[in-house]
Amino acid sequence: MTRFGYTRTTRKSRLAAVGATVLAATLILSGCGRPSDAGASASTTTVDDSPATGAVTLWAPDGDATALSDVLADYKKANPDLDLQITLVPSDEYNTKLQTAMAAGTGPDIAQVYTEAQSQFLASGAFAPVPDGLVDASSFFSGVWDAGQYNGTTYSVPWYAYTYALIYRKDLAAAGGATVPTTWDQTLPFFQALEKGGATKGFGADVGWDTYTGQALQRYAVQAGQSLLSADGKSWQIDTPEGIQAISHFTEPYLSGVAAVDTPGFLDSQPYFVDGKTGSMLSGPWVIAALDGVAKQPGWTAEHVATAVQPAGPAGDIGNLGGGSWVVNKDSKNAASAWKVVREMADEKTQIAQFAAYGSMPAVQSAWKDDSIAGNALYDAFFEQLKNVQPMPSATTWTQVSTAIGAELEAVARGTETAEEAAKKLQSAADGIGTGD
């Protein structure tokens, strides 16, 4: 799979990649210095406007980077003395291979990290801080840029970004007299109205998607008014009124019967949606590009689908942040040229070209004004949501904690455990895991 690109693999391979992230953080932390060690190397890196030269190695998981060589073709022509060597690694092996190489001192000059999980890598000390003035931080969505910070220092430059929005069948909504929800309280009536309009189930989601269920709970907890990670990053806060409220909101569709616990599985979500077996989903912008193909009917999406920002909880409609960012090895022998390549990939025209080649949504806000994106109103909700996002908890153990959350919430969704019982168990489990601080 590409992590939230347009192609997908099995659940098993995706979870393997997630598990590898935990292993990566552990091994890199044992093999490299802390982030403070990287400051000196960054301060000696001068990035001017001269052409990039020499050999630069770049690693990325297969998927969004598949078209990167073509996207950078003009840049390579303008920098003829640059030998850019792009290595695509299967996504379910990527984190393990990257951490092994970094720990062994054989890592690439440039590496992609997943925005939603990058804190685990930024904490390792394996990568250099972003040189001052390399890019304009204000050109990015603020939450996307902020996600690259660790202990007050910025280590990554955003490449593509995504968040979730409400994607629903507007034809079924019209038939059922549904009103698009803007608050949590309005979501259940909306799902029920979609069923009245012909959907078998008003909402489609995979409760068994483990760590991604954990990400959903983080989103709802923030919408309820409190992150699952304390402000100082030293403790987890799940067994709280906000945490219990988030668990209840997440599981309400299953307990109310407007969503099924066992179907659709993750890979079935789009076919179910097209067939009317589900009337809505919370998902990313790749769905918009994929549905015509699933329906085998050009124009099906424009005729049947609408999007909206996420319904707001008591504290607002804050969304999760995901995507891909670039980091540079603190031990790179050609750091100046590596940063020049990263700067090029953060350029508006390059991000538009990446969208055209693969559909990766730009992290640079101005790129969304291009007709290729702005001309499709279905992307508007994602643009608006990206203005109001928070990254995943900045803790090296987040993947472990979020996986535990996924397993526990499935029990609540099946009605074998209450939200209060789950919160208590999860608090105990998270305390045992710790924050890695």
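Start at V157, which stands opposite W326 in strand 11. Keep in mind as you go that this is a predicted model.

**Stop 1: strands 6 and 11**

Select residues 157-162, which make up strand 6. Then add residues 322-328, which are strand 11. The two strands run antiparallel, joined by 5 bridges. Is strand 6 enclosed or open? Buried here means under 20% relative accessible area. By that cut-off 6 of the 6 residues of strand 6 are buried, so the strand is largely enclosed by the rest of the structure.

**Stop 2: a sheet of 3 strands**

Next, select strand 7, residues 165-169. Add strand 8, residues 280-283, and strand 9, residues 305-308. Which order do the strands take in this sheet? The order is 8-7-9, the sheet is open, and the pairing is antiparallel. Strand 8 and strand 9 are the edge strands, each pairing on one side only. Look along the sheet for its twist: neighbouring strands are turned by 25 degrees against each other on average, direction ignored.

Zoom in on strand 7 and strand 9. They pair in the antiparallel sense over 4 bridges. Pick L166 and look across to strand 9: A308 stands opposite.

Now show residues 286-295, helix 13. This helix packs on the sheet and touches strand 7, strand 8 and strand 9. The direction of helix 13 makes about 135 degrees with that of strand 8.

**Stop 3: helix 10**

Move to residues 211-224. This is helix 10, with 14 residues. From its first C-alpha to its last it reaches 20 Å, close to the 20 Å expected at 1.5 Å a residue. How many of its residues are buried? The count is 14 of 14, and helix 10 is mostly covered. Step past the end of the helix to G225, which follows it. The phi of G225 is positive, near 120 degrees.

**Stop 4: two crossing helices**

Finish with helix 11, residues 241-256, and helix 20, residues 419-433. Two packed helices are described by the angle between their axes and the distance between the axes. Here the axes come within 9 Å and cross at roughly 125 degrees. Helix 11 and helix 20 are therefore oblique to each other. The crossing, as helix 11 passes helix 20, is right-handed.

Show side chains to see who makes the contact. On helix 11, pick I244, I247 and S248. On helix 20, pick A419, E420, A422 and A423.

Note on methods. Residues are numbered from 1 along each chain as its sequence is written. This is a predicted model: local features need pLDDT of at least 70, side-chain atom pairs count only at pLDDT 80 or more; totals for chains, interfaces and linings use all residues. Side-chain values use heavy atoms; hydrogens and water are left out. The expected span of a helix is 1.5 Å times one less than its number of residues. Buried means under 20% relative accessible area, exposed over 50%, partly exposed in between (1.4 Å probe, protein chains only). Two strands pair if DSSP finds at least two bridges between them. Axes are lines fitted to C-alpha atoms, for helices over the stretch in contact, and angles run from 0 to 180 degrees between N-to-C directions. Contact means heavy atoms within 4.5 Å. Angles under 35 degrees count as roughly parallel, over 145 as roughly antiparallel, 65 to 115 as roughly perpendicular and the rest as oblique. A crossing is left-handed if the near helix is turned anticlockwise from the far one by less than a right angle, and right-handed if clockwise.
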